[in-house]
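Biologist: I am new to this structure and would like a close look at one part of it. Please take one pocket, then work outward from there.

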Amino acid sequence: MNLSNKKILIAPSILSADFARLGEEVKAIAAAGADVVHLDVMDGHFVPNITIGPLIAEAVNRVTDLPLDVHLMIENPERYIKAFAEAGADWITVHQETGYHLHRTIGAIKELGCRAGAVLNPATPAESIAPIINDLDLVMVMSVNPGFGGQSFIASSLNKIRRLKELIAAKNSTCAIEVDGGVSPATIAGIAGAGANIFVAGSAVFGSEDYAKVIKKMRQAAEATFELNAKSK
């Protein structure tokens, strides 16, 4: 599947879910219209928080048919990609900032049969992944500093998304753009307008009383922006 061909993909992050009811929460977002389940993996070193490992990923995979989007916010991600692939990951994204061999790690992810993505922290420029953009299935823009959910969207991320869109077009790449951090009904239109089509939303979904209503509202806002942009061309 070419991820950039799909107009809108909503990927709720289970970081904001109730872990005492995790299986129920995953089933609930699937029933509410989510396209992807996003798993934030943190090691307490690369980011100041510790979350989940392959065992939780495998448990999530057992209760849903939705693709698992595993975001590795960890040092030495190449050591763990096989374990997450075997746990059921469909997409695996690794940070540009974590090591010296991003191209090799992206290739290893693909060899395991997963979609491969690179992640850029707020201070990392879009140009840093230009040499490998044709090797990527997706690039994720962190629109908050990684480590904790519930943060506010960093507005300057929109310029990075626009720049990535330009690089992707210039390289004739099929790479999709994913955004993680502060995505909500209030921010998603601007993010879609900048060029993203995959949207990670944690507290906006799990902090609401009606998951389906929030997911529908975000999808409609993003789709309306896409349609408006298409008409203006």
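By class, how many residues in the lining of the second largest pocket are nonpolar, how many are polar and how many are charged?

Modeller: The lining has eleven nonpolar, eleven polar and two charged residues. One caution comes before the rest: this is a predicted model.

Start with the pocket itself. The second largest pocket holds about 260 Å³ of space. Its lining is made of 24 residues. Nearest the centre are Gly149, Gly150, Asp180, Gly181 and Gly182. Glycine is counted among the polar residues here. Three elements each give at least two residues to the lining: strand E2 (37-42), strand E8 (198-201) and helix H7 (203-206).

Gly182 leads us to a residue beside it. Serine 152 touches Gly182, and also Ser143 and Val144, once residues up to four places away in sequence are set aside. Serine 152 sits in the loop that runs between strand E6 (138-142) and helix H5 (157-170). Is serine 152 buried or exposed? Its relative accessibility is 63%, so it counts as exposed, the cut-off being over 50%. Now look across the model from this loop. Isoleucine 50 is 102 residues away from serine 152 along the chain, and their C-alpha atoms are 20 Å apart.

Follow the chain on from the loop to helix H5. Serine 157 belongs to this helix. This serine is buried, because its relative accessible area is just 4% and buried means under 20%. Its contacts beyond four places in sequence are Val141, Met142 and Ser143. Ser143 therefore appears twice in this account: serine 152 touches it, and so does serine 157, contact meaning heavy atoms within 4.5 Å. Another partner to check is alanine 194. Serine 157 and alanine 194 are 37 residues apart in sequence, with 9.3 Å between their C-alpha atoms.

Stay with H5 for one more stop. Asparagine 172 lies in the loop between H5 and strand E7 (176-180). Its phi is near 55 degrees, a positive value in a residue that is not glycine. Asparagine 172 is exposed, as its relative accessible area is 68%. A second asparagine also has a positive phi. For asparagine 76 the value is near 50 degrees, again in a residue other than glycine. Its loop joins strand E3 (68-73) to helix H3 (81-87). Asparagine 76 is partly exposed, since its relative accessible area is 27%, between the cut-offs of 20% and 50%.

Helix H3 also holds glutamate 86. Glutamate 86 counts as exposed, because its relative accessibility is 60%. Pick alanine 221 as a far point to compare. Glutamate 86 and alanine 221 are 135 residues apart in sequence and 36 Å apart in space, C-alpha to C-alpha.

Alanine 221 has a contact of its own to show. Alanine 189 touches Ala221 and Thr225, leaving out residues up to four places away in sequence. Alanine 189 is in helix H6 (residues 188-194). At 29% relative accessibility, this alanine counts as partly exposed. Its C-alpha atom lies 28 Å from that of aspartate 135, a residue 54 places away along the chain.

Next, the aromatic rings. How many aromatic pairs are there? The count is one. Phenylalanine 206 and tyrosine 211 make up that pair. Their rings meet edge-to-face, with 5.4 Å from centre to centre and 75 degrees between the planes. Edge-to-face applies because the angle between the planes is over 60 degrees. Both residues are buried.

Finally, step back to the whole protein. The model has eight helices and eight strands. Its C-alpha atoms fill a box of roughly 45 × 45 × 30 Å along the principal axes. The radius of gyration is 16 Å, which agrees with the value near 17 Å for a compact globule of 233 residues. Of the 233 residues, 52% are buried. Among contacts with a separation of 6 or more, 66% link residues 24 or more positions apart.

Conventions: Residues are numbered from 1 along each chain as its sequence is written. This is a predicted model: local features need pLDDT of at least 70, side-chain atom pairs count only at pLDDT 80 or more; totals for chains, interfaces and linings use all residues. Side-chain values use heavy atoms; hydrogens and water are left out. Helices (H or I, at least four residues) and strands (E, at least two) are DSSP runs, numbered from the N terminus. Buried means under 20% relative accessible area, exposed over 50%, partly exposed in between (1.4 Å probe, protein chains only). On a 1 Å grid over the protein atoms alone, a cavity is a set of points where a 1.4 Å probe fits but cannot get out, and a pocket is an open set with protein on both sides within 12 Å along at least five of seven lines; lining residues have an atom within 4 Å of a point. Grid points are joined across faces, edges and corners, and a volume is the space filled by probe spheres set on the points. Rings of Phe, Tyr and Trp (its six-membered ring) pair if their centres lie within 6.5 Å; planes under 30 degrees apart count as stacked, over 60 as edge-to-face and the rest as tilted. The radius of gyration is taken over C-alpha atoms; the globule rule is 2.2 Å times the number of residues to the power 0.38.
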